[in-house]
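Hi everyone, thanks for coming. I'd like to walk you through a structure that is probably new to most of you, so settle in and have a look at the screen.

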Amino acid sequence: GELDRDGHELGVTVQSALDELAAAANLVTGEGAGGTPAVVVRDWDFGNHEGSDELFRSVESDFVRQSLREWRFDG
């Protein structure tokens with residue numbers, strides 16, 4: 001029921017610490033050929049994040065997973 005900064009109602013409010021860690025690693029590594037190929041994370045405490053199963057969408061509502069299942073490479 002909370003609103004985002006643009007006034008749209010939030011549909012999912014589950015925090016994903018792993019997604020946030022991956023996003024931070026992407027900032028450190030950079031993208032493209034000039035990026036660093038790996039990030040090492042030390043002394044990280046993930047804490048207690050119950051309810052992580054709520055982060056997974058059904059195939060019917062996950063457009064990315066649907067697209068990847070249909071994707072073909074003809075190269």
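**A short tour of the model**

Let's begin with the outside: the accessible surface of the protein chain comes to about 7,100 Å², and carbon and sulfur atoms account for 51% of it. Please keep in mind that this is a predicted model.

Now the overall layout. The protein chain has 2 helices and 0 strands. Of its 75 residues, 7% are buried. The helices are α1, covering 17-29, and α2, covering 63-70, with a loop between them.

Let's take α1. It has 13 residues, and from its first C-alpha to its last it reaches 18 Å, close to the 18 Å expected at 1.5 Å a residue. Which residues of α1 are buried? They are A17, L21 and T29. If you look down the axis of α1, these buried residues fall within an arc of 110°, so they line one face of the helix. Here is a handy piece of background: an α-helix has 3.6 residues a turn, so residues three or four places apart point the same way. Over on the other side of α1, D19 and L27 are exposed.

Let me stay with T29 for a moment, which sits in helix α1. Why does T29 count as buried? Its relative accessibility is 14%, and buried means under 20%. The side chain of T29 also has a polar atom 3.3 Å from the backbone oxygen of N26. Then, following α1, comes G30, with a positive phi near 80°.

Another residue of α1 takes us back to the surface. L18 is in helix α1, and L18 is exposed because its relative accessible area is 55%, where the cut-off for exposed is over 50%. L18 belongs to a nonpolar patch on the surface, together with V28, V39, V41, W44 and F46. The accessible area of these residues together is about 570 Å².

On to the loop between α1 and α2. P37 is found there, and at 83% relative accessibility P37 counts as exposed. Computed along the chain, so to speak, P37 and N26 are 11 residues apart in sequence, and their C-alpha atoms are 10.0 Å apart in space. A38 lies in the loop between α1 and α2 too. A38 is exposed, with a relative accessible area of 53%. For A38 and V28, the separation is 10 residues in sequence and 9.1 Å in space, C-alpha to C-alpha.

Still in this loop, we meet D43. What is the sign of phi at D43? It is positive, about 55°, although D43 is not a glycine. As background, most residues other than glycine have a negative phi. Is D43 buried or exposed? With 81% relative accessibility, D43 counts as exposed.

That leaves α2. How many of the 8 residues of α2 are buried? The count is 0, and α2 is hardly covered. At the start of α2, a side-chain oxygen of D62 reaches to within 3.2 Å of the backbone nitrogen of V64. The side chain of D62 also meets that of R65 in a salt bridge, at 3.5 Å from N to O. How many salt bridges does the structure hold? The number is 1. As for its two partners, D62 counts as buried at 17% relative accessibility, whereas R65 is partly exposed, with a relative accessible area of 29%.

So, a quick recap before we chat. In α1, the buried residues line one face of the helix, while in α2 the count of buried residues is 0. The loop between the helices holds D43, with its positive phi, and the salt bridge joins the side chains of R65 and D62. Thanks for listening!

Conventions. Residues numbered from 1 in each chain as written. Predicted model: local features only at pLDDT ≥ 70, side-chain atom pairs only at ≥ 80, totals over all residues. Heavy atoms only, no water. Helix = DSSP H or I, 4+ residues; strand = E, 2+ residues; numbered from the N terminus. Buried < 20%, exposed > 50% of the residue type's maximum accessible area, 1.4 Å probe, protein only. Areas by Shrake-Rupley, 256 points an atom, 1.4 Å probe, with all protein chains shown as cover. Patch = residues over 30% accessible without salt bridge, like charges linked within 9 Å, V, L, I, M, F, W, Y side chains within 5 Å. Salt bridge = Lys/Arg side-chain N within 4 Å of Asp/Glu carboxyl O. Expected span 1.5 Å × (residues − 1). Arc of directions from axis to C-beta. Polar contact = N/O pair within 3.5 Å; in protein donor to acceptor, adjacent residues only side chain to side chain.
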